[in-house]
Amino acid sequence: METKRTRRVGWKRSVAAAGGLVLGLLACSSAIAVEVIVNSDVAIPSISQSTLRAIFTMHLRQWPNGKPIKVFVLPEDNSVHVSFSKEVLNTFPYQLKRSWDVLVYSGSGQAPSVAESTREMLQKVATTPGAIGYLPDGYPMEGRKNENVRIVEPR
Amino acid sequence: MKTSASWNLARFNAGAWALLIAGMLVMFPVLAIDITENVQVHGFASQAFIKTSANKYFGRSDAGSSDFRELGVNFSWQATPSIQWAAQIGSRRAGGTDDATPRIDLALVDFTLASGEAGRAGLRVGRHRIPLGLYNLTRDVANARPSIILPESIYSDHTRSLVLAMDGMQVYEELRTSIGDFFFDGGTGNFILDNIQKRTGTSATSYIWRLMYEHDGGRLRLALTGFDANLDAIAPPFRNPKFNLNFHLLSAQYNAENWSLTGEFAPSPRATYSKLIVPGFPPIIPDIVFPDLRQTGQSGYVQGTYNITPSWTALLRYDVNYLDRNDRSGAKTAAATFGATPAHSLFTKDWTVGIAWKVRPDTKIRAEWHHLNGTSWLSSRENPSKAATAPHWEMFALQASYSF
């Protein structure tokens with residue numbers, strides 16, 4: 001009896017573990033939702049995908065009020081950067097890199113600044129006037145010094 | 001003695017450059033913090049090893065050559081949102097075709113005259129890069145190329161300095177529309193000749209324009225390039241002959257998440273020698289006027305790349321070049337020259353397979369194999385006798401590259 005119950009419990013555990021693994025894999029393969037953030041001095045309520053793309057390919061350099069745009073990105077292989085490129089900009093990280101390379105090596109533009117982590121991303125966007133960047137959806141922004149950061153809705 | 005001294009000088013150049021780059025690398029984090037945030041420093045370096053079964057490509061490749069290396073440092077200063085200064089210094093050693101002498105690859109000021117959500121327009125003044133096809137603007141940077149060697153039919157290395165940069169100006173315009181983005185660049189100026197080319201002429205006013213369309217953030221890219229390069233040639237006994245290279249290039253690329261398909265085609269690149277006049281000996285003998293010498297070729301390639309994993313990419317390409325589109329097999333030319341210009345020197349067909357390993361986002365190691373028929377794009381500086389070249393040959397190349 002004792003053995004049987006243990007065995008049954010063991011079986012349930014394996015199912016739970018397998019289920020957890022499947023869910024985990026699904027979570028990994030599905031995209032991370034990403035939010036666009038700006039420094040609070042940027043007075044725009046929403047932003048279109050094409051404008052975002054122009055900003056993150058480093059072609060659009062000024063906000064409507066003429067102030068310079070400071071672009072921050074996460075490292076090329078960061079999963080949040082990959083999701084941002086695909087889901088928000090509808091392009092791929094290698095395409096963004098190509099666009100930056102062309103601008104840099106033809107002398108007609110610059111590459112964005114790289115924030116090494118989401119934590120640094122938040123800190124940089126909060127402290128740089130005219131800054132734009134992105135963070136995973138629901139990233140804890142409360143309790144930090146981020147009254148200086150706003151989330152911008154896609155249009 | 002003399003040879004040894006100049007050899008040492010060349011070595012010193014390479015050593016000094018390596019040191020400078022190493023210094024830049026070490027200093028870069030400091031620079032990034034200390035210099036104003038609107039200044040950026042980028043750089044690149046590569047070293048290759050090339051082995052060919054016959055013929056010479058970038059050094060004595062038939063014996064195995066490590067004579068292909070590229071170094072460069074790029075500076076830019078965004079002085080205001082609408083004014084950017086940029087400069088790039090590079091050194092390239094490529095066997096007998098390039099001697100590693102440091103040179104200014106780029107030095108310009110870019111004025112944005114109008115900018116908004118719908119687009120941008122402006123002007124570049126100075127030494128500007130020639131926006132030819134899909135890869136010319138980044139052809140120096142190994143990490144930004146799809147392969148160790150770009151398709152030679154279009155990105156020929158022996159006419160490299162004619163298509164690299166010009167001293168002059170360029171206008172540009174970008175338009176973002178609901179159906180996609182349009183980019184136009186139009187430039188004029190004099191291209192930069194190397195020391196050996198300076199013996200054959202002086203650069204005259206040349207023109208470049210490119211219209212590019214990008215759909216869906218670059219998923220589909222289409223481009224049309226027009227190029228007209230002029231040279232006041234030095235070719236005694238002719239008085240002041242002109243050399244002109246004129247072509248149009250069609251480019252198309254489709255980019256998916258894990259694969260890209262690229263094709264570029266130059267239907268009729270044309271090289272012309274005109275004003276072939278031998279002055280008569282005054283006062284009795286009149287000038288002798290020869291008809292223009294003209295050769296119209298044809299070039300193109302199709303290339304596929306596939307990302308096997310995020311860090312491993314495979315490449316397959318077929319690249320073909322005909323120097324004379326009316327004599328693709330080269331037979332007529334060979335017959336007319338009694339074999340001095342062998343048929344196989346009029347074309348090259350190149351099958352390439354390659355693999356790239358992205359060790360880190362800034363470092364790549366590549367290997368590629370070229371299966372070749374023909375020698376049309378081999379440099380005559382490295383292969384002085386066309387008749388001595390082998391028609392069927394193989395090339396293996398290995399390269400490590402870095403950029404920041």
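In chain B, take the contacts between residues at least 6 apart in sequence: 58% of them join residues at least 24 apart. Keep in mind that this is a predicted model.

Now the overall build of chain B. Its secondary structure comes to three helices and 21 strands. The radius of gyration is 22 Å, close to the 22 Å that the globule rule gives for 404 residues, so chain B is as compact as a globular protein of that length. Along the principal axes, the C-alpha atoms fill a box of roughly 70 × 55 × 45 Å. As for burial, 38% of the 404 residues count as buried.

Next, one strand of chain B. Look at β21, residues 392-403. Which strands pair with β21(B)? One is β1 of chain B, residues 39-52, which runs antiparallel to β21(B) and is joined to it by nine bridges. In that pairing, B:S46 has B:S401 as its bridge partner. Another is β20 of chain B, residues 363-374, again antiparallel, over 11 bridges. There, B:W369 is bridged to B:F396.

Now the side chains. In a regular strand they alternate between the two faces of the sheet. Strand β21 of chain B does alternate. Buried on one face are B:W393, B:M395, B:A397, B:Q399, B:S401 and B:S403. Pointing to the other face, and not buried, are B:H392, B:E394, B:F396, B:L398, B:A400 and B:Y402. Put the two bridge pairs back in. B:S401, the partner of B:S46, is on the buried face. B:F396, the partner of B:W369, is on the face that is not buried.

On to the contact between the chains. It takes 26 residues from chain A and 31 residues from chain B. On the chain A side, the elements giving two or more residues are α2 (49-56) and α4 (93-105). Which of these gives the most? That is α4(A), with five residues. By type, the chain A side divides into 10 nonpolar, 11 polar and five charged.

So let's stay with α4(A). This helix has 13 residues. From first C-alpha to last it reaches 18 Å, close to the 18 Å expected at 1.5 Å a residue. Its buried residues are A:P93, A:Q95, A:L96, A:S99, A:W100, A:V102, A:L103, A:V104 and A:Y105. What covers them? The cover includes α2 and α3 (79-88) of chain A, and also β1, β2 (65-80) and β11 (242-255) of chain B. We have met β1 already, as a partner of β21(B). After the helix comes A:G107, with a positive phi near 75°.

Last, some backbone details in chain B. Most residues other than glycine have a negative phi, and most peptide bonds are trans. Here are three spots to check.

Start with the peptide bond between B:P236 and B:P237: it is cis, with omega about 10°. B:P237 is in the loop between β10 (220-233) and β11 of chain B.

Then B:N55. Its phi is positive, near 70°, and it is not a glycine. You will find B:N55 in the loop between β1 and β2 of chain B. Is B:N55 buried or partly exposed? It has 19 C-beta neighbours inside 10 Å, so it counts as partly exposed; buried would take 20 or more.

Finally, B:A100. Phi is near 75°, positive in a residue other than glycine. B:A100 is in the loop between β4 (98-99) and β5 (103-116) of chain B. B:A100 counts as partly exposed because it has 19 C-beta neighbours inside 10 Å.

Methods
Residues are numbered from 1 along each chain as its sequence is written. Chains are lettered from A and ligands numbered from 1 in the order in which they are written. This is a predicted model: local features need pLDDT of at least 70, side-chain atom pairs count only at pLDDT 80 or more; totals for chains, interfaces and linings use all residues. Two residues are in contact if their C-beta atoms, placed from the backbone, lie within 7 Å. Helices (H or I, at least four residues) and strands (E, at least two) are DSSP runs, numbered from the N terminus. Ala, Val, Leu, Ile, Met, Phe, Trp, Tyr, Cys and Pro count as nonpolar, Asp, Glu, Lys and Arg as charged, and the others, Gly among them, as polar. The radius of gyration is taken over C-alpha atoms; the globule rule is 2.2 Å times the number of residues to the power 0.38. A residue is buried if 20 or more other C-beta atoms lie within 10 Å of its own, exposed if 12 or fewer, and partly exposed in between; C-beta atoms are placed from the backbone. Two strands pair if DSSP finds at least two bridges between them. The expected span of a helix is 1.5 Å times one less than its number of residues.
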